[in-house]
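Q: Please take a close look at the salt bridges in this structure. I am new to it, so go step by step.

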Amino acid sequence: MCDALTQIRRVAKLPKGHCPGWTYPMPYGKRFRIAGSDYPDNVEDEFDCPLGEVGGEFYLRESICIDDAGNSGFGQSPYAWHVNYPDGTSHWKFSKSALRTIGKKPASKMPKWAARVVFEIVAIRIERLNDMKPEDAVKSGMRKLTRKVASDDHGIAESKALERYQAQWDKRTTDAKHFWQANPWVWVIDIQRIEA
């Protein structure tokens, strides 16, 4: 899935005190501003994308199990860790930092040096969730085709990808005000995979 992933969406937590009925976020250099829709110069607040800025990098967090540790023999990265990943693969990874314990680690506790997948941020924008188009669902990792269809059914296949994305969004969202139907503001982040 990571190879097909070129766009992600995350709920935009707008600054406290904004009035969602009359404000909209707009780009302002590397930051975004909340401004009145009737008076764009009436700036309320500025804020940043929590994943970073264009050109920045972030890594895919996975649950892992570290089952062995040792001395790498390298001065720059003196620690060696044997890391097992969810898909059954394992690798020796080297780091400058020591871990207190080995064993299972949830994705939220995965150290950066254990990452297999790193993404570079190519573009950032902010929009309403329901503005998503079928081709955006495909960019977000939803496969276009679940079965072989005739070439003239291409649009139908993309629409199915959007329906699957909507279902997946609601399944992983715990707050009702962020469900698809609620149409929250979201960060739309275009990414490209780079080698870890």
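A: What follows is a walk through the salt bridges, with a short look at the cysteines and one loop residue.

This is a predicted model, where local features need pLDDT of at least 70, side-chain atom pairs count only at pLDDT 80 or more, and totals for chains, interfaces and linings use all residues. Residues are numbered from 1 along each chain as its sequence is written, and side-chain values use heavy atoms, with hydrogens and water left out.

Start with the rule. A salt bridge is a side-chain nitrogen of Lys or Arg within 4 Å of a carboxyl oxygen of Asp or Glu. Side chains of opposite charge can pair when their charged atoms come close. By this rule the structure has seven salt bridges.

Take Asp136 and Arg9. Their side chains form a salt bridge, with 3.5 Å from N to O. The pair joins distant parts of the chain, 127 residues apart: Asp136 sits in helix H1 (residues 134-139) and Arg9 in strand E1 (residues 7-11). Helices (H or I, at least four residues) and strands (E, at least two) are DSSP runs, numbered from the N terminus. Both Asp136 and Arg9 are buried. Buried means under 20% relative accessible area, exposed over 50%, and partly exposed in between (1.4 Å probe, protein chains only).

Next come Arg125 and Asp190. Their closest N and O atoms are 3.6 Å apart. This pair also links distant parts of the chain: Arg125 belongs to strand E10 and Asp190 to strand E11, 65 residues apart. Arg125 counts as partly exposed because its relative accessibility is 31%. Asp190 has 18%, so Asp190 counts as buried.

These two pairs belong to one network. Salt bridges link Arg9, Arg125, Glu127, Asp136 and Asp190.

Now for Glu62 and Arg116. Here the salt bridge spans 2.6 Å, N to O. Both partners lie in loops, 54 residues apart: Glu62 between strand E5 (57-59) and strand E6 (64-71), Arg116 between strand E9 (103-105) and strand E10 (117-128). Glu62 is buried, since its relative accessible area is 11%.

What about the cysteines? A disulfide is a pair of cysteine sulfur atoms within 2.5 Å. The structure holds zero disulfides. Cys49 is buried, at 8% relative accessibility. Cys65 is partly exposed, at 25%.

One loop residue remains. Asn183 lies between helix H2 (154-172) and strand E11 (185-195). Its phi is near 55 degrees, a positive value in a residue other than glycine. Most residues other than glycine have a negative phi.
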